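Colleague: Mind walking me through this one from the inside out? I'll keep asking for specifics, so bear with me.

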Amino acid sequence: METVTLTLDAIETLARTALERAGTSSANAASLAAGVVDAEREGIASHGLAYVPTYCEHVRCGKVDGGAAPMLALPRPGAVFVDAATGFAHPAIDAGLDPLMAAARINGVAVMGITNSYNCGVLGFHTKRIAQGGLIGLGFTNAPASIAPAGGTQAVVGTNPFSLAVPAAEGGAPVMVIDQSASVIAKSEVMKRAREGEPIPEGWVLDAEGRPTTDAEAGLKGTMVPSGGYKGFGAALLVEVMAAALSGATLGLDASPFSGTAGGPPKTGQAFIAIDPGTFDGAVFAERMTRLTGAITAQEGAQLHGAKRAAAAAAAALREHLEDHPGEVPAGLDVVRV
């Protein structure tokens with residue numbers, strides 16, 4: 001089979017067109033396609049074009065309302081609330097992101113809750129935009145239950161990722177993005193292996209009887225293994241409180257799956273906190289971050305969180321530049337070593 005390489009513009013057009021043909025509004029499709037493009041740019045294939053057929057399937061079956069219009073509210077000076085109205089998370093987050101950052105710049109800190117939502121794709125895509133606005137971004141998103149508590153066999157919480165994005169310091173620390181789920185591996189990776197009929201490493205999942213398995217399909221019928229045992233379950237509980245209980249979204253216990261067509265809209269939620277690093281002493285914060293990140297990157301073989309994604313994005317930018325300007329290396333292009 002011949003391999004076809006698509007430009008990022010072509011990926012955006014393909015994703016947006018597929019979503020619109022499935023019944024997604026043009027505005028919502030554009031918002032979602034931006035997340036797909038960013039995932040492909042950063043080498044996160046599981047949340048890129050590979051996920052678009054699932055998005056389209058869920059629009060068609062009614063698991064998500066492709067035409068939903070997010071409803072924005074500002075209940076307090078430092079609070080933003082968005083009802084996704086059973087639509088995609090991306091346009092709901094887009095609706096609240098600028099008000100969130102504006103409130104953080106005024107108050108020093110602000111929080112955004114999102115309810116009646118859906119899978120938000122790569123959580124770090126959203127927190128990274130907060131960091132690009134010069135603020136610290138902290139994000140949480142809950143998911144349908146797939147992790148059992150230590151000593152138990154029944155799933156109570158989802159893989160529930162959290163993400164921290166820290167802005168770059170002028171002449172010092174680079175943007176740092178931590179984006180990790182409470183499970184050993186993101187469930188989307190197991191779903192990807194199941195679609196492709198490939199085995200998975202032991203230690204990722206347990207089957208329906210609580211036994212380790214390398215069968216991705218069996219794992220999807222069982223539970224995910226929490227990272228660090230009970231500590232991973234505790235991290236998932238933290239996210240569940242922030243993303244679901246606080247915003248009034250559906251608990252993972254009651255949410256329909258993100259895979260397949262069973263059940264109605266999952267109505268899960270997200271929460272984001274934006275913090276102005278200059279709230280106390282911006283210069284000291286920048287110095288501390290430069291010192292901290294430098295202690296990591298100075299070690300041979302060590303890399304900063306988000307460096308691999310940044311390297312993939314830089315490589316994608318270089319490829320696209322060379323297609324338009326063969327042999328010319330662009331000045332100022334960041335090339336990240338990993």
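Colleague: Let's start with the largest pocket: which elements each supply at least two residues of its lining?
Modeller: Elements here are DSSP runs numbered from the N terminus, helices being H or I with at least four residues and strands E with at least two. A pocket is an open set of 1 Å grid points, over the protein atoms alone, where a 1.4 Å probe fits and protein lies on both sides within 12 Å along at least five of seven lines; lining residues have an atom within 4 Å of a point. The elements that each supply at least two residues of the lining are E6, helix H6 (187-196) and helix H10 (307-324).

Colleague: Before we go further, what gets left out of the side-chain values?
Modeller: This is a predicted model: local features need pLDDT of at least 70, side-chain atom pairs count only at pLDDT 80 or more, and totals for chains, interfaces and linings use all residues. Numbering starts from 1 along each chain as its sequence is written, and side-chain values use heavy atoms, leaving out hydrogens and water.

Colleague: Back to the largest pocket: which lining residues lie nearest its centre?
Modeller: About 1,200 Å³ of space lies in the largest pocket. Its lining has 45 residues, and nearest the centre are His 47, Ser 181, Ala 186, Ser 188 and Arg 309.

Colleague: E6 came up in that lining. Why is it called largely enclosed?
Modeller: Strand E6 covers residues 176-180, and five bridges join E6 to strand E5 (residues 162-166), the two running antiparallel. One of the bridges sets Ser 163 against Asp 179 in E6. E6 is largely enclosed by the rest of the structure because, with buried meaning under 20% relative accessible area, the buried residues number four of its five.

Colleague: And Phe 162, over in E5: is it buried, partly exposed or exposed?
Modeller: Phe 162 sits in strand E5. Not counting residues up to four places away in sequence, it touches (heavy atoms within 4.5 Å) Leu 123, Gly 139, Phe 140, Ile 178, Asp 179, Gln 180 and Val 239. Its relative accessibility is 24%, so Phe 162 counts as partly exposed.

Colleague: How many residues of strand E1 are buried?
Modeller: Strand E1 (residues 71-76) runs antiparallel to strand E2 (residues 79-83), with four bridges joining them. Leu 72 has Val 82 in E2 as its bridge partner, and a hairpin links E1 to E2 through two residues. E1 is hardly covered: among its six residues, the buried count is zero.

Colleague: Which strands stand at the edges of the E8-E7-E9 sheet?
Modeller: That sheet is open, made of three strands, and its pairing is antiparallel; pairing takes at least two DSSP bridges. Strand E7 (residues 205-206) is joined to E9 by two bridges, with Val 205 opposite Met 224 in E9. Two strands have a single partner each, so one side of each is left without a neighbour in the sheet: E8 (212-213) and E9 (223-224).

Colleague: Which residues have the most contacts inside the largest nonpolar core?
Modeller: A nonpolar core is a set of buried Ala, Val, Leu, Ile, Met, Phe, Trp, Tyr and Cys residues joined through side-chain atoms within 4.5 Å. The largest one has 21 residues, and those with the most contacts inside it are Leu 19, Val 36, Tyr 51, Tyr 55, Phe 88 and Tyr 118.

Colleague: And which helices give two or more residues to that core?
Modeller: Phe 88 shows some of the packing: beyond its neighbours within four places in sequence, its contacts include Leu 19, Leu 32, Tyr 55, Val 59 and Tyr 118. Another core, of 20 residues, lies apart from the largest one, with Ile 93, Leu 97, Cys 120 and Ile 130 among its members. For the largest core, the elements giving two or more residues are helix H1 (8-22), helix H2 (26-41) and helix H3 (52-61).

Colleague: Which element gives the most to the lining of the largest cavity?
Modeller: A cavity is a set of grid points where the 1.4 Å probe fits but cannot get out. The largest one is lined by Leu 32, Gly 35, Val 36, His 47, Tyr 55, His 90, Gly 121 and Val 122. With three residues, the element giving the most is H2.

Colleague: Last one, on backbone oddities: what is phi of Thr 86?
Modeller: Thr 86 is in the loop between E2 and helix H4 (89-107). Lys 267, in the loop between helix H8 (230-245) and strand E10 (268-275), has a positive phi near 55° without being a glycine. Thr 86 isn't a glycine either, and its phi is positive, at about 60°.

Notes:
Buried < 20%, exposed > 50% of the residue type's maximum accessible area, 1.4 Å probe, protein only. Points joined across faces, edges and corners; volume = space filled by probe spheres on them.
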